[in-house]
Amino acid sequence: MDDENVGGQIQGINIASFLQMNEMEKTTCTLTVRGEEGQEGTLYLLEGQLIAAETGKLRKEEAAYEIISWDDSVIDVENSIGDQQQEINTPLMNILMEGLKVKEDKEKNKKTSSSKSMEDIELAMESETPPPPPKPSMAAPKEAPTKGEVEVKDPDKKGVGRSFEDIRKKRAKKKMAVILSIVVVIVVLCVVGAGVWIGIIMPMQKEKEFSEMMKKVSRQKNPEKQIQILEKYIQTHEGSKFIPKAEKKIKACKNAAEERDFKALVEKVDKLPINREYKKAATTLYSKFLLKYPKGARSSAILERITGIPEIVDDSDYAELEKVAMGDYGVRLEAYQQYLKFHPNGKYRDNVEKKIRSMGEEYYIYLKKEINSCKKNRTWDTCIGLCDSYAESFTNTARLAQVKKWRSQMTAEIDFTGLITQASEKGADFEGRRKVFSDYLKENPASPVKSKIRAEIAKADNLIKKREEWKKLSEYCKNKNIDVFERVKKLELYIKRNPSGRYIKKAKAVMPGLQKEKKNVLHKRAVAKKKREDEQKRLNDIAREKARIKSEQAKMTSLLRQSKGRYVVKKDMVTDTRTNLTWCILDSKTVLKKCSKYDDAVKYVKELKTGGHSDWRLPTSNELLVIYLNQPIFPASGAKMYWSSNKYHKGSRPLVKVVKSAGDGLWQKGDTVMEKCGSVRAVRP
């Protein structure tokens, strides 16, 4: 039974059965129960468990037993418990059993009263009308009743007498029969109630839940969210007869989601620009769709579209060639070359190659221009390809020798680039780098790039020199015997002179360690200096505090001497001649410059050693009033409240007697909690 289905008034159902149903459904609600004799009580259920009950002056379990024992109850249901706290921890079944016992006891008392009334009537009739004497008979005389027995007539047996003991046994049997009847009725009601719940209410409720869930699905436009709602229903309603319908709806939602995504995909791919990235972009989009819907209804259509991508790109690129057919030679040639590069097996390849061969001298002029560009941008492969294309297309021209020369020069540049790559692979093996270039120069002394190779050999020699220089500096920086300030200075100079050097990162990596070492030295010096300064400050603070305490004692001593002999001052203590109690001349507020909680006040007097005594204590409230109410009054120190030793409990709450200022020099007793802030006027003994 969900909370949202609870409410209204229920009549004609046993309260025990109703509580069991609510326990099964884990309902949270408030039940107001009215009995047939005008009684009224309240039961509070939290997730099916009885947590509180009340009726009249009864509360908790006793109230629950009483309410359960009522007959013909009317139940008002409210689907909340407000801010009701848990007062009952007994299991519901135990409470129901105890409530039924209370009900049985009530019925026994009623029947006992009725039985006693009948016995009184029978005895009265016997006393008013004595039985007639027995008629003479030839039969054997009947035995006289034993002591404690009275012979009576059994209404079911003519002329046969029975004792009161027999009557009591028969009545006990009748009572037991009544009790068994009541138990049977209760069990029947529980079974009927459970049957109604399981057979009628629960199926209706499940059908309603499914209907509400489907309405929620229909209100949701997003298929994925619809699927989430349906899958959650399946997970939480295992075994429900509506599961097949939910699964069928999930399948429909998945189909709808696939169709929606397919339309969006086609629209997105159609909007892609057809360029060098088109194939990759379109294939990626199609592949994502297939991963999401591997066995979807649109899988074959997607595969067909992927197969047709190269043809789309080929047609598009060739259409672009047609646009530049009347344009600049270089633009045309580049476009033709690009087409052949990206479509080596394209269906327009023969047409494009024919266009290239028809270009002649114009191709050479363009090639010369492109070679200058290649030299500038060092894009040798492009120009070598152009040279090879020229040689392949124009085999019998006078320009071919020059084209081959250009190609040889560019090949040497490529060789040089390869040497650079090979040398860089040697890493920090500078000798290996030098050998790469020197070996090539030995084999190719007339190379067009020999000057560049010699320059690289010089660079390798310089790297070897720089490496040795750094190695020497690194060892210097590691030497702890050298003053750290000198090591830092030398390393800083190296970093300044070699801001982009090969070892600058290593130098900078070493610097933090040296700086830390330098910082530690400076820190030790600073710590030593700070320690000296702190010690001096501490001594100055102690001196100032001693001077302040001494000044406060002098002030109090001066005021106490005006007491006309009542208070006798001895150093930092003062004796009240009226009570012979010795007080600290200064209170805790003056000494500590702050007030204290009660526990701190107790600790303060316990640790007090004023005057060389260790038996200082908190005074009683009366002892405090003696010095603050009787003239001459003890001089004030600015404290507003003094703790006493009078601690007591009011209920479960600990309180302390205090003496506090009432203004205008008046003091009075009071009570306060231990967490308040007050002062201590210590006393002994």
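Let's start with Cys584. It is buried, with a relative accessible area of 4%. Cys477 is much the same story: buried, at 5%. Keep in mind that this is a predicted model.

Now to the cysteines that do pair up. How many disulfides does the structure hold? Two. Count the bonded cysteines along the protein chain, and the pattern reads 1-2, 3-4.

Take Cys374 and Cys383. They form a disulfide, and their sulfur atoms sit 1.7 Å apart. The torsion about the S-S bond is about 90°, so this disulfide is right-handed. Are these two cysteines buried or exposed? Cys374 is buried, and Cys383 is buried as well.

Next, Cys595 and Cys677. A disulfide joins them, with 1.9 Å from S to S. Here the torsion about the S-S bond is 100°, and the link is right-handed. Where do the two ends sit? Cys595 is in the loop between α19, residues 588-592, and α20, residues 598-607. Cys677 is in the loop between β14, residues 666-673, and β15, residues 683-684. The pair therefore ties together parts that are 82 residues apart in sequence.

How accessible are those ends? Cys595 has 35% relative accessibility, so it counts as partly exposed. Cys677 is partly exposed too, at 37%. To be called buried, a residue must be under 20%.

Let's step back to the whole chain. It has 21 helices and 15 strands. There are 685 residues, and 33% of them count as buried. The chain exposes about 44,000 Å². Carbon and sulfur atoms supply 54% of that area. What about contacts? Take those with a separation of 6 or more: residues 24 or more positions apart account for 59% of them.

On to a sheet. We met β14 a moment ago, and here is where it belongs. The sheet is open, with three strands in the order β12-β13-β14, and the pairing is antiparallel. Which strands stand at the edges? β12, residues 641-650, and β14. Each has a single partner strand, so one side of each is left without a neighbour in the sheet. On average, neighbouring strands are turned by 30° against each other, direction ignored.

As general background, strands of a sheet pair through backbone hydrogen bonds, either parallel or antiparallel.

Now the pairs, one by one. β12 and β13, residues 653-663, pair in the antiparallel sense over seven bridges. Trp643 stands opposite Val658 in β13. A helix comes in here: α20 packs on the sheet and touches β12 and β13. The direction of α20 makes about 120° with that of β12.

Then β13 and β14. Eight bridges join them, and they run antiparallel. Lys660 has Gln668, in β14, as its bridge partner. These two strands make a hairpin with two residues between them. In that hairpin, Asp664 takes a positive phi near 55°.

Last topic: the cores. In general, nonpolar side chains in soluble globular proteins tend to be buried together.

How many residues does the largest nonpolar core have? It has 27. The residues with the most contacts inside it are Val352, Tyr363, Leu367, Tyr390 and Met410. Which elements give two or more residues to this core? They are helices, listed here with their residues:

- α9, 309-323
- α10, 329-342
- α11, 349-357
- α12, 361-377
- α13, 380-393
- α14, 400-424

Look at Val352. Leave aside its neighbours within four places in sequence. Val352 is then in contact with Tyr318, Leu321, Tyr336, Tyr339 and Leu340.

Another core lies apart from the largest one. This other core has 24 residues, among them Leu19, Ile67, Ile75 and Leu96.

One more residue: Ser389. It lies in helix α13. Its relative accessibility is 15%, so Ser389 counts as buried. Not counting residues up to four places away in sequence, Ser389 touches Gln337 and Tyr363. Tyr363 came up before, as one of the residues with the most contacts inside the largest core.

How values were computed:
Residues are numbered from 1 along each chain as its sequence is written. This is a predicted model: local features need pLDDT of at least 70, side-chain atom pairs count only at pLDDT 80 or more; totals for chains, interfaces and linings use all residues. Side-chain values use heavy atoms; hydrogens and water are left out. A disulfide is a pair of cysteine sulfur atoms within 2.5 Å. Buried means under 20% relative accessible area, exposed over 50%, partly exposed in between (1.4 Å probe, protein chains only). Helices (H or I, at least four residues) and strands (E, at least two) are DSSP runs, numbered from the N terminus. Contact means heavy atoms within 4.5 Å. Accessible areas come from the Shrake-Rupley method with a 1.4 Å probe; for residues, only the protein chains shown count as cover. Two strands pair if DSSP finds at least two bridges between them. Axes are lines fitted to C-alpha atoms, for helices over the stretch in contact, and angles run from 0 to 180 degrees between N-to-C directions. A nonpolar core is a set of buried Ala, Val, Leu, Ile, Met, Phe, Trp, Tyr and Cys residues joined through side-chain atoms within 4.5 Å.
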